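Thank you for sending this along for a second look. My comments follow as numbered points, written so that a newcomer can check each one against the display.

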Amino acid sequence: MASRFGLILLIPVLLLATSCRKDDCEAPPIGENIVGTWKVDGQSGSVVFQEDGTLLDPNDLLIDGEVDGMILDEKSWMIIPGDYLLLSATNQSTLLESEFFIARNDCNRISLELFFLTVDLKRK
């Protein structure tokens, strides 16, 4: 009887111990979390969100554009209220912007949505 009672008490303890992992992380606000290098899921290459708002996206994985033969290669990012990520590509006075909804903000994964398209970023 005592061993049965001990087993009943042991089960919840084991469940709690297995659910608490050392690698669990609570993501900081998206404006802090997004800074760094990310792999775009399903694509080769990566993007870098720099702290100063510059976006390094040499393979045009998140935003690209060309107007009258002018490549929009100066890229930047900004978090706007309501959980949106605004990406901009410019060259001189020409500007292209894309606004993504931030659907998920985890320590090592961010999910962005644009209409019916989902873009998953995984920290490198």
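**Notes on the predicted model**

1. Of the 124 residues in the protein chain, 29% are buried, and the reader should keep in mind that this is a predicted model. The chain exposes about 8,500 Å² of surface, of which carbon and sulfur atoms supply 56%.

2. The secondary structure of the protein chain consists of two helices and ten strands. If one follows the elements from the N terminus, they appear in the order α-α-β-β-β-β-β-β-β-β-β-β.

3. Strand β1, which covers residues 36-40, runs antiparallel to strand β2, residues 46-49, and four bridges join the two. Within this pairing, K39 is found opposite S46 of β2. The two strands β1 and β2 form a hairpin with five residues between them, and in its turn G42 has a positive phi of about 85°.

4. Strand β2 also pairs with strand β3 (residues 55-56), again in the antiparallel sense, through two bridges. Here V48 has L56 in β3 as its bridge partner. The hairpin of β2 and β3 has five residues between its strands, and G53 takes a positive phi near 95° in that hairpin.

5. What share of the contacts with a separation of 6 or more comes from residues 24 or more positions apart? In the protein chain, such residues account for 33% of those contacts, a value that can be read alongside the hairpins of β1 with β2 and of β2 with β3.

Notes
Residues numbered from 1 in each chain as written. Predicted model: local features only at pLDDT ≥ 70, side-chain atom pairs only at ≥ 80, totals over all residues. Heavy atoms only, no water. Pairing = 2+ DSSP bridges. Buried < 20%, exposed > 50% of the residue type's maximum accessible area, 1.4 Å probe, protein only. Contact = heavy atoms within 4.5 Å. Areas by Shrake-Rupley, 256 points an atom, 1.4 Å probe, with all protein chains shown as cover.
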